[in-house]
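Subject: Structure for your review

Dear colleague,

I am passing on the structure we talked about, and my notes on it follow below. Please read them alongside the coordinates.

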Amino acid sequence: MKKCFLALLLPLLAIVAQAQIQEPVKVKTELRQTSPEEIEIIFHATIDPGWHVYSTDLGDVGPIPASFNIDNISGAELVGKLKPSGKEISAYDKMFGMELRYFEHEATFIQKLKLTQETYHIEGFLEYGACNDESCLPPTPVPFSYSGKGTVKAISGTSSLAGKQAGTDSSETTDVQTTDAPQQSGHSVGSDLWKPVTNELQALGETASQADHTWIYIFLTGLAGGLLALFTPCVWPIIPMTVSFFLKRSQDKKKGIRDACTYGASIVVIYVTLGLAITLIFGPNALNALSTNAFFNILFCVMLVVFAISFFGAFEITLPSKWSNAVDSKAESTTGLISIFLMAFTLSLVSFSCTGPIIGFLLVEVSTSGNVIAPAIGMLGFAIALALPFTLFALFPSWLKSMPKSGGWMNVIKVTLGFLELAFALKFLSVADLAYGWHILDRETFLALWITLFALLGFYLLGKIKFPHDDDRQKIGVTRFFLALFSLSFALYMVPGLWGAPLKAVSAFAPPMWTQDFNLYKNEIHAQFDDYDLGMTYAKQHGKPVMLDFTGYGCVNCRKMEAAVWTDPKVSDLITNDYVLITLYVDDKEKLPAPIEVVENGNKRLLRTVGDKWSYLQRVKFGANAQPFYVLVDNEGKPLNKSYSYDEDIEKYVDFLQTGLNNYEKQKEKE
């Protein structure tokens with residue numbers, strides 16, 4: 001039995017660690033003379049897998065675009081704007097809900113300048129934004145300084161988004177100098193409230209990394225899809241016939257069991273190979289871009305609608321019979337493992353009309369993870385669920401007698417799948433609608449259609465609606481009744497959303513709240529302060545702990561936390577009544593009254609904007625630079641609990657807040 005299950009569980013799932021301080025982008029600067037009167041400052045960016053750097057001129061709404069900024073210039077003048085170079089990708093971005101241009105793996109930005117005097121000096125910084133599918137890093141400048149006269153030779157330096165310094169190329173003999181972004185350490189802003197507390201956070205249970213559960217989620221999603229496919233008319237009737245065939249064709253019972261296990265393992269191999277093939281053909285990043293492409297989403301929407309109509313009984317979708325017949329005849333003419341593998345391949349072909357929509361939806365969802373083997377992991381879960389019954393019934397043949405017979409209940413499952421496919425088709429259409437700005441599927445329109453679909457599903461399950469293949473005499477069972485009850489209740493649950501209720505259960509599928517025309521919802525939490533020092537002073541005067549909310553105007557996951565978690569009565573009560581909430585936007589572009597010079601790892605750096613200041617605070621004090629980032633501190637700026645990032649588990653968040661409050665009260669008692 002152990003060998004049989006080991007044959008099914010082929011790949012091992014892994015946990016990927018992600019450091020709190022993330023440095024996904026490294027930039028190399030270069031000055032190049034293109035003519036006696038013209039020079040270029042070139043920025044070469046190397047980007048880690050899964051991350052992307054945004055291009056130039058993206059507008060005021062959305063992520064941070066790449067921009068060239070001058071602090072001091074003499075003897076030269078700019079020629080045109082900063083120009084991006086390389087393989088620029090243009091695609092719909094789910095995080096920001098808009099069409100964006102960005103680079104993956106590598107990017108180059110070039111700024112031309114014309115020399116107007118024999119001696120010149122140029123000082124400034126490149127600023128850009130970097131995101132992955134879950135979070136964005138704060139905008140951080142990459143400083144440079146060049147000066148010289150006469151012929152200018154190329155000089156290079158390297159820096160990362162977090163500000164790592166690299167040495168100057170000493171092999172070149174030239175008067176040109178370069179300045180690279182500094183490393184992180186030290187501080188020169190504010191008072192003792194700015195002192196680093198990373199050691200204190202670690203003492204409270206903070207770790208240097210956080211687990212990435214994406215692979216587990218993908219596997220479980222595939223497993224659920226496979227279990228759903230089992231109960232379709234294309235798969236369920238085949239199970240007893242196939243198992244009986246293996247047990248009867250051999251007088252040796254052990255050999256029959258071994259053949260059935262091999263059959264199950266072959267199913268796993270076929271579907272995992274399909275997942276790997278899709279990745280090899282398209283590549284993980286291309287597949288991710290494809291999944292957010294407006295045209296592709298419309299195409300997939302149409303495909304789901306067609307499959308749904310088929311499931312309702314209008315017509316049958318099948319692959320050409322000669323394909324399955326050819327494979328089946330080949331299986332009969334061969335022996336051994338090849339014969340078993342070909343039989344498994346035949347199952348994959350004949351069950352396509354039922355498994356195709358499930359597999360397609362699964363691959364589209366997992367492709368957005370950006371992981372090279374995500375489709376394979378999803379297909380592994382799907383295949384294990386599909387293959388497991390063949391193995392179990394081979395090991396325990398007596399179970400076949402208690403197996404439910406095929407009948408009208410299978411058509412009910414098929415029609416139910418049709419309703420669900422229509423619901424998910426709207427989700428894909430919504431992506432295209434947001435990309436092109438048609439506004440034909442705003443939030444209230446989307447919710448109205450979902451309410452109608454799930455209400456109709458409920459009435460169907462109660463037998464009030466009939467389709468061509470339904471049995472008019474069939475009675476409504478207990479299971480079917482409760483499914484109808486759930487569907488109708490879900491439809492009623494969504495009704496308040498038409499007037500602006502957040503609807504946490506469908507927030508991942510419905511269009512964003514800003515697309516809603518009529519919104520009566522007002523239960524939102526607003527920060528008491530957007531300045532760290534002022535908020536800390538107020539909290540000390542009133543004897544309250546502080547909740548620091550490091551966020552960003554372009555942080556989508558921050559908005560999700562505010563809509564799904566902060567609106568909970570327990571969370572709202574704790575934040576409003578027991579804490580002083582200080583929200584700090586790390587991408588706030590408002591200029592400081594005067595630039596602030598700080599020292600990080602012995603290197604000087606200028607903080608020019610309010611966002612620079614709060615981003616610096618987050619890095620040097622708490623050792624983190626991703627948003628959302630929540631930390632609870634006492635009146636001396638010391639942590640009361642380990643930090644909290646993006647996780648919509650309300651109970652965890654309540655525990656996070658309550659633990660901090662309890663620790664603060666214990667401190668007060670000691671005083």
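To begin at the surface of this predicted model, I476, V478, F481, F482 and L485 together make a nonpolar patch of about 470 Å². V478 belongs to helix 14, which covers residues 478–494, and this residue is exposed, with a relative accessible area of 59%. As general background, nonpolar side chains in soluble globular proteins tend to be buried together.

As for confidence, the chain has a mean pLDDT of 74, with 69% of its residues reaching 70 or more. Residues 1–20 have pLDDT below 50, although the model gives this stretch 48 contacts beyond near neighbours in sequence. Residues 208–213 also stay under 50, and for them the model has 14 contacts beyond four places in sequence.

Turning to the interior, the largest nonpolar core comprises 29 residues, and those with the most contacts inside it are V25, I41, F43, F109, I122 and Y128. At least two residues of this core come from each of strand 2 (25–35), strand 3 (38–47), strand 6 (76–85), strand 9 (106–115), strand 10 (119–128) and strand 12 (140–149), and strand 3 gives the most, with five residues. Another core, of 28 residues, lies apart from this one and includes L453, F454, A455 and V506.

The structure also holds five salt bridges, and I describe some of them here. One joins the side chains of D71 and R608, with an N to O distance of 2.4 Å; this pair links distant parts of the chain, since D71 lies in strand 5 (residues 67–74) and R608 in strand 18 (residues 603–609), 537 residues apart. Which of these two partners is buried, and which is partly exposed? R608 is buried because its relative accessible area is 11%, under the 20% limit, whereas D71, at 39%, is partly exposed.

A second bridge, between the side chains of K540 and E636, has an N to O distance of 3.7 Å. This pair too links distant parts of the chain, with K540 in helix 15 (residues 532–542) and E636 in the loop between strand 19 (629–633) and helix 19 (650–670), 96 residues apart. E636 counts as partly exposed, with 46% relative accessibility.

Finally, D647 forms a salt bridge with K652, where the closest N and O atoms are 3.5 Å apart. Here D647 is partly exposed, at a relative accessible area of 27%, and K652 likewise counts as partly exposed, at 47%.

With best regards

Note on methods. Residues are numbered from 1 along each chain as its sequence is written. This is a predicted model: local features need pLDDT of at least 70, side-chain atom pairs count only at pLDDT 80 or more; totals for chains, interfaces and linings use all residues. Side-chain values use heavy atoms; hydrogens and water are left out. Patches are made of residues with over 30% relative accessible area and no salt bridge: like charges are joined within 9 Å, nonpolar side chains (Val, Leu, Ile, Met, Phe, Trp, Tyr) within 5 Å. Accessible areas come from the Shrake-Rupley method with a 1.4 Å probe; for residues, only the protein chains shown count as cover. A salt bridge is a side-chain nitrogen of Lys or Arg within 4 Å of a carboxyl oxygen of Asp or Glu. Helices (H or I, at least four residues) and strands (E, at least two) are DSSP runs, numbered from the N terminus. Buried means under 20% relative accessible area, exposed over 50%, partly exposed in between (1.4 Å probe, protein chains only). pLDDT is the predictor's confidence in each residue, from 0 to 100. Contact means heavy atoms within 4.5 Å. A nonpolar core is a set of buried Ala, Val, Leu, Ile, Met, Phe, Trp, Tyr and Cys residues joined through side-chain atoms within 4.5 Å.
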